[in-house]
Amino acid sequence: MNIKPVGHVAPNTFEFETRALVKPTGFREYDARWWFGHPSSPKEPELNLIGVQALGMGIGTLIRRLGAGPDIVTGHDFRSYSMAIKLALVSGMMAAGARVKDIGLALSPMAYFAQFALDTPSVAMVTASHNENGWTGVKMGAQRPLTFGPDEMTALKEIVLNGEFELVGGGSYEFVSDFRRTYLDDLVAGKRITRKLRVVAACGNGTAGAFAPEALERIGCEVIPLDVELDHSFPRYNPNPEDMQMLHAIRDKVLETGADVGLGFDGDGDRCGVVDNEGSEIFADKVGVMLARDISALYPNSTFVVDVKSTGLFNTDKVLAANGARTDYWKTGHSYLKRRVAELGAIAGFEKSGHFFFNPPIGRGYDDGIVTAIAVCQMLDRNPGKSMADLYRALPLTYGTPTMSPHCDDELKYGVVDKVVADFEAMQRNGEIFAGQKIIDLITVNGVRVVAEDGTWGLVRASSNKPELVVVVESPVSSERRREMFEGVDAVLRRNPSVGAYNQTF
């Protein structure tokens, strides 16, 4: 077997069974994602099992170079091929001397928790998260509760693609039985609520179905299950609470049953989406504002971190200001937010995609959709006279969009964003009118967030885990201004022929 990977091998050939296939673009900013293949798609694989072994050798080599030692936790999400990928990864890590602790079928936050509970510094969780079937990937870390960032991912990419493995041997394998119970016990410890809440728990037939309903029942909720049966064909929709299809399904179930709140979980359980008792789908950044109000009342002068896709209310909300809350806007991405929360000692971080990070005393700093769901239930418990819709209505009104993602090839998307940034910088420099007003600010910490005179803003950035761009728009003024900003941003995007159709709009 030749373990120095190649970027392309035709499937169903001798070479595919004897060469390591690892497409370079699978190494992303803070985790790894590849198209592994699906019977319904003609798209050729970007990774094969020998390539997964090579990736494991690279991870085992890297964690030693980082000084984290040989011990590492692994687990896998619920897809038809994830266990095979995990076992190939384990064989590669063991060849590089890793001492592997396998927690089996797991959520990503369960693997992060295992780093603490099993006193194991590193983690390699096999998951494609919310991506469609056919995708696979690995979320990795070597310094709990953080996951890899660009520096570590660049180092891993160089080790794997150059075949620079240190195959020292001495690896070992241990299966940790019934770790699900340990994780659930920790989630619910000391978190019993007194308010009788009827909660829709929606899991999109993903891995969270084996965890979230039980956790919510154990804190005292009456759980109304929605698509909680594990089914890796995802028969209704992809388990992604940022997609309107899943949110609409939750809305319909809430209205049908008269539930107090609907909570939706993504494919690996590190994100949570919320629908209120009147069926309104609350985008995660607004949920973050509501939780920040609640948390800052309990812990005055708290610091929060939010991503650049998030609402401007974190800076303008009078309740947060009265509680002494401070907010830092930072790069989108679960790894970036986790690190920033740790650096600033923030009590929490909120990402518009639904990744929420709670430091002690609420959490351990990593993103866990069930911890988020419990925090929402506790917020309702502390406001017994108010519904979820009441708390939502108490926020200042803004007009936002879902996260919208036009297709753009991985090899081209960063160059497109660079051009878009340059276009906006030229408009601002020349004092041009854009979407009916002057540009008063450009935030370029992650792509570009263009802000108009009335506070209406639009964001363009490259997706960190798919061949897509990301577009978000919000106006504090009107839906018409939201539309004007979106059309203006889209017109700038369309100067680039490589930008394709959106996955959803508003």
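The legends below describe three close-up views of a predicted model.

**View 1. Residues 421-489, the span of an annotated domain.** An unreviewed UniProt entry gives these residues the annotation "domain: Alpha-D-phosphohexomutase C-terminal". Helix makes up 29% of the span and strand 39%. The C-alpha atoms at its two ends are 11 Å apart.

**View 2. Thr456 and its surroundings.** Thr456 sits in the loop that runs from β21 (448-452) to β22 (457-462). Its relative accessibility is 0%, so Thr456 counts as buried; the cut-off for buried is under 20%. The side chain of Thr456 takes part in a polar contact of 2.9 Å with the side chain of Asp454. Another polar contact, of 2.8 Å, links the side chains of Thr456 and Ser475. Leaving aside residues up to four places away in sequence, Thr456 touches Val450, Val451, Glu474, Ser475, Pro476, Val477, Arg481 and Met485.

**View 3. Helix α12 and the residue that caps it.** Helix α12 covers residues 369-381, which is 13 residues. From first C-alpha to last, α12 reaches 18 Å, close to the 18 Å expected at 1.5 Å a residue. At the N-terminal end of α12, Asp368 acts as a cap: one of its side-chain oxygens lies 2.9 Å from the backbone nitrogen of Ile370. The helix is mostly covered, with 12 of its 13 residues buried. Among the buried residues are Gly369, Ile370, Val371 and Thr372, as well as Met379, Leu380 and Asp381. In an α-helix there are 3.6 residues a turn, so residues three or four places apart point the same way.

Key:
Residues numbered from 1 in each chain as written. Predicted model: local features only at pLDDT ≥ 70, side-chain atom pairs only at ≥ 80, totals over all residues. Heavy atoms only, no water. UniProt positions renumbered as here; feature names shortened; annotations may be inferred. Helix = DSSP H or I, 4+ residues; strand = E, 2+ residues; numbered from the N terminus. Buried < 20%, exposed > 50% of the residue type's maximum accessible area, 1.4 Å probe, protein only. Polar contact = N/O pair within 3.5 Å; in protein donor to acceptor, adjacent residues only side chain to side chain. Contact = heavy atoms within 4.5 Å. Expected span 1.5 Å × (residues − 1).
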